[in-house]
Amino acid sequence: MSEHPSPRRLSRRGLLAVGGAAVAAALVGCGRDDASGTNGDNASGPWSFTDDRPEEVTADARPERVVAFTGSAAALVDFGLGREIVGVFGETKKADGSVEPQAGDLDVESVEILGNVWGEFSVEKYAALRPELLVTHMYDPGAYWYVPDESKDKILPLAPVVTITTARVPMTKPIERYAQLAESLGADLSAPKVTDAKARFEAAAEAVRQAVAANPGIKVMAASGSPDLFYVSNPKVSTDLMYFAELGVDIVVPTKLEAGDYFEALSWENTGKFPADLILLDNRSTALQPTDLAAKPTWKQLPAVQAGQVTPWDAVPRFSYAGAAPLLENLAKAIRGAKKLT
């Protein structure tokens with residue numbers, strides 16, 4: 001499809017109904033043991049996990065055949081899962097066969113790809129995998145990221161479903177929740193792979209704080225370009241931007257928000273509405289990149305563009321310490337190197 005399915009598309013499509021009663025709400029956001037429901041080392045007994053709808057998701061035994069949105073699968077792999085991931089959906093491979101960044105360290109050759117673009121999800125392949133758990137992001141309450149509206153009634157009954165909130169909370173929250181889910185599925189969060197990644201993440205977060213302190217007053221705008229519109233993202237909704245703001249980054253807050261509050265859509269004539277010293281530019285292949293934007297006169301007139309102060313932005317980050325640490329490192333570097341322009 002020509003337009004990338006950002007959270008704004010999800011909000012326009014409407015919220016999906018949440019089936020069943022919302023139970024164990026008090027468990028959401030609690031400690032690892034509360035959220036997991038069972039000890040990760042016990043594969044023989046009943047399994048449960050309270051997700052972010054919140055619903056208590058249960059199974060007779062710990063799920064060993066997991067199908068997930070590609071970014072969710074990659075996060076679970078970062079926390080130590082591997083053979084448990086049998087299928088994925090969402091952008092996984094590029095047209096040239098290379099792996100999409102959101103796939104991270106997922107072994108894409110060992111999993112069934114049920115769909116590689118928005119709206120594509122093979123129900124037949126999914127059923128054939130004999131799934132024991134479906135995992136995906138939840139950008140809006142009750143909505144299943146990348147599970148198509150038109151086939152969700154066939155997909156959701158085939159296996160228990162876990163959704164993790166990925167909006168309106170700082171990025172650390174979905175990272176913690178994916179860690180808890182991975183542990184409930186048997187991952188060892190004390191493994192060096194996980195603890196080293198967390199240490200790197202914490203160091204990167206401190207690097208952002210120090211960069212802001214060393215170069216105060218830098219105004220940052222997170223944006224995405226399409227042929228007709230220039231989208232300015234809202235740090236009060238986007239989970240990564242919310243966390244960047246917590247670290248002290250001064251991020252542009254759009255004022256005329258579209259449905260869902262994810263962004264403000266500007267005509268290309270109005271791209272200069274919000275002054276910015278540094279632009280974080282959506283780096284997904286379905287968003288316009290600097291070479292494409294060169295044809296937009298108003299883009300070229302932005303002070304940050306003229307100063308070369310534009311840096312790639314992973315608008316749908318990988319919610320793990322390993323996935324997020326490089327984003328913070330790149331942000332710290334960009335802030336340290338930016339000059340005040342506005």
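**Entry 1: alanine 307**

Where is the place of alanine 307? I found alanine 307 in the loop between helix 11 (303-306) and strand 13 (310-313). A reminder to myself before going on: this is a predicted model.

Next I asked whether alanine 307 is buried, exposed or partly exposed. With a relative accessible area of 39%, alanine 307 is partly exposed, because the partly exposed class sits between the 20% limit for buried and the 50% limit for exposed. I also looked up its distance to leucine 341: the two are 34 residues apart in sequence, and their C-alpha atoms are 8.4 Å apart in space.

**Entry 2: the chain as a whole**

I stepped back to take in the protein chain. I noted 12 helices and 13 strands. Of the 342 residues, 54% are buried. The accessible surface comes to about 14300 Å², and carbon and sulfur atoms hold 50% of that.

I then turned to contacts between residues at least 6 apart in sequence. Among these, 71% join residues at least 24 apart.

**Entry 3: the open sheet**

What is the order of the strands in the open sheet of 5 strands? I read it as 5-4-3-6-7, with parallel pairing. Strand 5 (112-115) and strand 7 are the edge strands, each pairing on one side only. Ignoring direction, neighbouring strands of this sheet are turned by 25° against each other on average.

Helix 3 (residues 70-78) packs on this sheet, where it touches strand 3, strand 4 (85-89) and strand 6. The direction of helix 3 makes about 120° with that of strand 3. I also followed helix 6 (residues 172-184), which lies across strand 6 and strand 7 and runs at about 155° to strand 7.

**Entry 4: strand 6 and its partners**

How many residues of strand 6 (residues 133-138) are buried? I get 6 of the 6, so strand 6 is largely enclosed by the rest of the structure.

I went through its neighbours one by one. Strand 3 (residues 66-69) pairs with strand 6 in the parallel sense over 3 bridges, and here valine 67 stands opposite leucine 134. Strand 7 (residues 161-165) also runs parallel to strand 6, joined to it by 5 bridges. I wrote down two of the partners in strand 7: valine 161 for leucine 134, and valine 162 for valine 135. Leucine 134 thus has a partner listed in strand 3 and one in strand 7.

**Entry 5: helix 3**

Back to the helix on the sheet. Helix 3 is mostly covered, with 9 of its 9 residues buried. The buried residues include Thr70, Gly71, Ser72 and Asp78, and the alanines Ala73, Ala74 and Ala75 are also among them.

What covers the buried residues of helix 3? My list includes strand 3, strand 4 and strand 6, along with helix 6, helix 7 (192-214) and helix 12. After helix 3 comes glycine 80, with a positive phi near 120°.

**Entry 6: serine 238 and helix 8**

I moved on to serine 238, which I located in the loop between strand 9 (229-233) and helix 8. At 13% relative accessibility, serine 238 counts as buried, because the cut-off for buried is under 20%. Leaving out residues up to four places away in sequence, serine 238 touches Ser233 and Tyr262.

How many residues of helix 8 (residues 239-246) are buried? The answer is 6 of the 8, so helix 8 is largely enclosed by the rest of the structure. Those buried are Thr239, Asp240, Leu241, Met242, Tyr243 and Phe244. Glycine 248 follows helix 8, and its phi is positive, near 105°.

**Entry 7: the largest pocket**

My last look was at empty space. The largest pocket has a volume of about 390 Å³. Which residues lie nearest its centre? Out of 22 lining residues, they are Pro101, Gln102, Arg284, Asp314 and Val316. Helix 12 (residues 321-337) gives the most to the lining, with 4 residues. I had already met helix 12 among the elements that cover the buried residues of helix 3.

Terms used: Residues are numbered from 1 along each chain as its sequence is written. This is a predicted model: local features need pLDDT of at least 70, side-chain atom pairs count only at pLDDT 80 or more; totals for chains, interfaces and linings use all residues. Side-chain values use heavy atoms; hydrogens and water are left out. Buried means under 20% relative accessible area, exposed over 50%, partly exposed in between (1.4 Å probe, protein chains only). Two strands pair if DSSP finds at least two bridges between them. Axes are lines fitted to C-alpha atoms, for helices over the stretch in contact, and angles run from 0 to 180 degrees between N-to-C directions. Contact means heavy atoms within 4.5 Å. Accessible areas come from the Shrake-Rupley method with a 1.4 Å probe; for residues, only the protein chains shown count as cover. On a 1 Å grid over the protein atoms alone, a cavity is a set of points where a 1.4 Å probe fits but cannot get out, and a pocket is an open set with protein on both sides within 12 Å along at least five of seven lines; lining residues have an atom within 4 Å of a point. Grid points are joined across faces, edges and corners, and a volume is the space filled by probe spheres set on the points.
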